[in-house]
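Let's take a walk through this protein together, starting from a close-up and then stepping back to the whole. Please have the model open as you read.

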Amino acid sequence: MRGHLPRLIGLAGPVYGELLSGVVASVIGTFWVAGLGGSAVAAVTLAGTVENLLLGLVLVVSSGTTVRLSHALGADDPAAAGRTARAAWRLCAAGTLLLAVPGFLLREHLAGVFLGGAAAGLAADYFAVAFPAFGLFFGQRVADELFKGAGDTRTPMRMALLSNALLLLLDPLLILGAGPLPALGVTGAALALALSRAVAFAVTLVLRRRRRTPAPSGGTGSTMRGIVAAGAPFGLDFTARMGVGTVQLGLVAAFGVPAVAGYGVGYRVLLIVTMAFYAVRQAAVIESARLAGGGDTAALRTLGRDTARLAAALGAGAAVLCAVLAVPVTALFTDDPAVAGEAVGFLRMAGLYLLPYALVVALGGVYQASGAGRPLVVAVLLGLGVQLGAGAALSGPLGVDGLWAGMTVGAVAQLALMRLLVGRRPVVPVVAGAEVPARGPAVPAERVLEMAD
């Protein structure tokens with residue numbers, strides 16, 4: 001392998017392991033909650049949806065931290081790297097207070113807006129634990145990005161594996177009870193998640209403090225603004241995709257319960273392959289910001305080409321796997337012929353969608369981290385609008401298959417708009433007012449881990 005491919009694969013591999021462990025733990029956790037009945041499942045589903053909405057805001061800080069930190073290290077500016085770490089923690093503290101306190105106080109109202117009866121009460125009980133523990137989730141994301149910004153994706157993977165392994169152990173103990181431990185139901189699910197995150201976060205902080213040295217002096221106000229500016233496109237992208245996914249589910253619901261269930265099965269299978277695209281995206285963000293910080297435009301262009309090659313290979317491979325393995329994989333999730341038929345149809349149609357989508361996701365990391373975040377978000381928003389419009393139009397003559405075809409049309413539109421609005425070459429920006437210096441040697445990853453939080 002030549003160019004940046006070895007580096008991209010080396011960074012992306014642990015990220016994929018981190019993401020995959022979270023999905024596996026979530027699926028198994030849902031299995032334990034399902035034994036409590038429909039109201040419990042509805043309550044936990046609502047809690048997960050709310051956390052995903054909050055994740056859009058968390059991503060602004062965490063992704064912005066990765067970009068700013070990698071940029072500072074690429075510019076050989078350890079003082080800026082230290083200020084970035086300190087600013088990220090301050091934003092984490094402020095964001096936790098702004099989101100967790102109102103969420104806790106309004107938990108019953110929030111649950112009642114979406115659910116009724118017993119399900120609303122269970123959701124409020126879950127929120128009573130989840131919102132006070134929100135800082136653990138936010139803090140872990142920031143800590144992980146400080147490691148990733150320094151080129152270390154293995155430590156976040158290890159922390160994710162630790163947290164999710166603990167969750168697999170605690171879920172049945174706290175949800176169903178065992179021996180002297182009482183069955184806590186939905187509250188136990190929330191406690192299990194909070195405890196598993198608390199342990200992982202504590203270990204993460206210990207790893208960071210072992211390499212801590214005094215931070216550079218100076219204010220962090222401009223750095224905080226720079227983190228938010230760099231991370232805003234990531235948060236907007238995620239939130240927009242979440243919103244479109246919700247609308248898409250509503251369109252699928254018009255075709256009946258088997259279509260919704262089949263979509264749910266197929267979507268979970270698709271998560272396993274699309275997470276590889278997002279792992280490449282994170283690797284591309286780290287490398288792009290580092291090269292942009294060093295002012296190396298030639299290497300940045302090469303990185304864009306290598307990222308596209310890797311994404312295309314993953315997208316094509318995922319498409320083939322979905323087509324070939326659709327039937328046996330679906331059989332692992334359901335034995336209902338109607339649901340299985342819908343899931344198989346979705347997975348086979350998704351093969352057309354995966355290649356352009358892989359390119360959109362992975363190249364988006366290069367563009368966002370190298371200063372083209374705003375036009376990229378415009379391209380994504382317009383493309384998602386095309387997806388919904390095409391899906392609604394094609395579902396008339398093609399039925400539910402028209403919705404799946406609309407996903408492909410939307411991904412192709414996003415890719416075309418990216419090339420049109422962003423251009424063929426990534427740019428090396430001036431990040432939040434910081435001058436791009438002449439290229440110098442990169443700061444070793446260990447250096448940033450020695451800077452103050």
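A good place to begin is Phe346, whose relative accessibility is 1%, so this residue counts as buried. Bear in mind as you look that the model is predicted. What does Phe346 pair with? Its aromatic partner is Trp404, in an edge-to-face arrangement with 4.7 Å from centre to centre and 75 degrees between the planes. Trp404 is likewise assigned to the buried class, because its relative accessibility is 2% and the cut-off for buried is under 20%.

Now follow the chain on either side of this pair. Phe346 sits in helix α12, which covers residues 337-369, while Trp404 belongs to helix α14, residues 400-421; the pair therefore ties together parts that lie 58 residues apart in sequence. The two rings also have company: Tyr263 and Tyr267 join Phe346 and Trp404 in one aromatic cluster.

If you enjoy aromatic contacts, there is more to look for, as the structure holds eleven aromatic pairs. One of them is made by Phe127 and Phe131, where the ring centres are 5.3 Å apart and the planes meet at 40 degrees, a tilted geometry. Phe127 and Phe131 are both buried.

Next, turn to a detail of the backbone. Asp76 has a phi near 55 degrees, a positive value in a residue that is not glycine. Where does Asp76 lie? You will find Asp76 in the loop that links α2 (38-74) to α3 (78-105). With a relative accessible area of 35%, Asp76 is partly exposed, because that class runs between the 20% limit for buried and the 50% limit for exposed.

Stepping back, you can see how the protein is built: there are 15 helices and zero strands. Along the principal axes, the C-alpha atoms fill a box of roughly 60 × 55 × 35 Å. How does the radius of gyration fit with a compact globule? For 453 residues such a globule would have a value near 22 Å, and the protein has 22 Å, so the two agree.

The contacts and the surface complete the picture. Among contacts with a separation of 6 or more, 83% join residues 24 or more positions apart. Buried residues account for 51% of the 453 residues. The protein exposes about 18900 Å², and carbon and sulfur atoms supply 68% of that area. Finally, the protein carries 32 positive and 22 negative charges, and the mean positions of these two groups are 9 Å apart.

Note on methods:
Residues numbered from 1 in each chain as written. Predicted model: local features only at pLDDT ≥ 70, side-chain atom pairs only at ≥ 80, totals over all residues. Heavy atoms only, no water. Helix = DSSP H or I, 4+ residues; strand = E, 2+ residues; numbered from the N terminus. Rg over C-alpha atoms; globule rule 2.2 N^0.38 Å. Buried < 20%, exposed > 50% of the residue type's maximum accessible area, 1.4 Å probe, protein only. Contact = heavy atoms within 4.5 Å. Areas by Shrake-Rupley, 256 points an atom, 1.4 Å probe, with all protein chains shown as cover. Lys, Arg positive; Asp, Glu negative; His and termini not counted. Charge placed at Lys NZ, Arg CZ, Asp CG, Glu CD. Phe/Tyr/Trp six-rings, centres within 6.5 Å; stacked < 30°, edge-to-face > 60°.
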